[in-house]
Amino acid sequence: MGGSEDEDDEDDEEALQSGNLEDLRQVEKRMRTAARVLSHWKELGPATGRSRSDLVEQLIADICQYHGYTPFLAEKLFEIFGVEEALDFFTASDTPRPLTIRVNTLKTRRRDLAQALINRGVNLEPLEGGWSKVGLQVFSGSSVPIGATPEYLAGHYILQAASSFLPVMAMDPQPHERCLDMSAAPGGKTTYISALMGNTGEVWANDSSRGRIKGLGGNVARLGCRNVIITNVDGREFPKVMGGFDRVLLDAPCSGSGVISKDPSVKVNKTERDFMLLGHLQKQLLLCAIDSVKTGGTVVYSTCSVTTEENEAVVSYALRKRSHIKLVDTGLPFGKEGFKSFRGKQFGKGIELTRRFYPHVQNVDGFYVAKFAILAKEKKAPEALEPTLPYETLPINEDEEEAAAAAADDGPTFDNDEDEKLIEETKKRQFKKKGLNPRADKGKAGAKAKQVDE
Ligand SMILES: C[S@@+](CC[C@H](N)C(=O)[O-])C[C@H]1O[C@@H](n2cnc3c(N)ncnc32)[C@H](O)[C@@H]1O
């Protein structure tokens, strides 16, 4: 784990030149000591002669200076990992993860690709731990541009972080199925799904970003994925656009708190509001993903974030809102269990089956993977049928949401007056769509609508 000795030497060199090395070493030592004292406060605290809050304040100030985080995010990560482990996370997030590529089995075999690249002078090895048959780790030192070899241009491989393989492995797509990758660009996972399905069946690859769709199209074409259909809509349009999929992957838009080594701007540009809005969007998208799958199907939810509000809280929300789903084993060979609770909040049934991956533990990007099985919906008497709550009206704030959940026991609650209005509006829209006058006599309109349907 961590950077190479050469990189450390370069950092030291820079710090030396700016006359700061001694300061940095001192700050580093002070942080480690403070973290150890805080973790064993009862035994070690009194001897410091300082208050706990004073020490926490100093530690946060040091982290902000040394690692460049805002106090807000530093504290947030403390809460997730505890102080000592958080320091390991900060250090690992300041160094790049190993460079990895995924072999495109639609075009070649790992052995053949490895040989071709070795012949060009690339140093590589299978991924550590033997958990992937399609991954190769590329070592620095060779002058070969790994993103521009003839094999790359011919689509024999894609540059892909190792942890990004995991949601697709959990999804386990099968030949001839109909799958949806709801937020797919630039297509690392879509092209893997396509390969696992052996270019059979259908992979609907969707992304709401027009700009990012171009990259997705490029990768799909380069890797020769002929079973992929690309769409460019907001994921929340599913299942209105189409449904009945065998499997859906929602690799959700997220804060990127697990991939800070790739995008250090996350250290300073995320606010409480960002996390709240992201959590809200993720919840909406996850419900839509679930509603787009047929009975007996599978949904995989993943993020490259380590925060609970983007992970366990989203999954628990879905469990509360959809009673016909359950969490199942991801089948992934490593990873830490999802949190059962966080700051007094208990997460849903089976949450320990979800998996967390960390840069400082497995030397992979921070990731989260949850897998749901979609069961048959309980049959209800026609008069008991509830309208589906429009996704736009999902409560945005946790308190609001919790109050709703408490009142609901298992299923979603509905405000009758509001629902009446919504049902009326939906009916009107449907009538208009069919060229009917919504104000016309209900009986006649109903009869005409029936004719059109037939
Ligand atoms: C984590 S990235 C997906 C990475 C992709 N799965 C891969 O492996 O290459 C999240 C994606 O979600 C897309 N996105 C954001 N909001 C969305 C929405 N409402 N519906 C669909 N896609 C959305 C973003 O454009 C972005 O490409």
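## A walk through the model

Start by selecting Gly198: this residue comes after helix α10 and has a positive phi, near 60°. Keep in mind throughout that you are looking at a predicted model.

Now step back into α10 itself, residues 188–196. Is this helix enclosed or open to the outside? Nine of its nine residues are buried, so α10 is largely enclosed by the rest of the structure. Colour them to see the list: Gly188, Lys189, Thr190, Thr191, Tyr192, Ile193, Ser194, Ala195 and Leu196.

Next, show the ligand and its surroundings. The shell around the ligand has 18 residues, and those that come nearest are Ser183, Ser209, Gly235, Asp251 and Pro253. By character, the shell divides into five nonpolar, seven polar and six charged residues.

Keep Ser183 selected and add Leu250. Leu250 touches Ser183, and its other contacts beyond four places in sequence are Met182, Leu285, Leu286, Ala289, Val299 and Tyr301. Leu250 also belongs to the largest nonpolar core, a set of 95 residues in which Leu250, Ile290 and Val299 have the most contacts. Select helix α13, residues 272–291, for the largest share of this core: eight residues. As background, nonpolar side chains in soluble globular proteins tend to be buried together.

From the core, move to strand β15, residues 367–374. Seven of its eight residues are buried, so this strand too is largely enclosed by the rest of the structure. Three pairings are worth displaying:

- β9 (residues 293–303) runs antiparallel to β15, joined by six bridges; look for Thr298 opposite Ala373.
- β10 (residues 325–328) pairs antiparallel with β15 over four bridges; here Val328 stands opposite Lys371.
- β14 (residues 355–357) is joined to β15 by three bridges, again antiparallel, with Arg356 opposite Tyr368.

For the last stop, go to the open sheet of four strands, ordered β2-β3-β1-β4 with antiparallel pairing. Which strands stand at the edges? They are β2 (123–126) and β4 (157–159); each has a single partner strand, so one side of each is left without a neighbour in the sheet. Neighbouring strands here are turned by 30° against each other on average, direction ignored.

Zoom in on β2 and β3 (residues 135–139), which pair antiparallel over four bridges. Within β3, Val138 is the bridge partner of Leu124. Finally, add helix α7, residues 110–119, which packs on the sheet and touches β1 (99–103), β2, β3 and β4. The direction of α7 makes about 165° with that of β2.

Terms used
Residues numbered from 1 in each chain as written. Predicted model: local features only at pLDDT ≥ 70, side-chain atom pairs only at ≥ 80, totals over all residues. Core = buried A, V, L, I, M, F, W, Y, C linked by C-beta atoms within 7 Å. Buried ≥ 20, exposed ≤ 12 C-beta atoms within 10 Å, placed from the backbone. Helix = DSSP H or I, 4+ residues; strand = E, 2+ residues; numbered from the N terminus. Contact = placed C-beta atoms within 7 Å. Near = placed C-beta within 6 Å. Nonpolar A, V, L, I, M, F, W, Y, C, P; charged D, E, K, R; others polar. Pairing = 2+ DSSP bridges. Axes fitted to C-alpha atoms, helices over the stretch in contact; angles between N-to-C directions.
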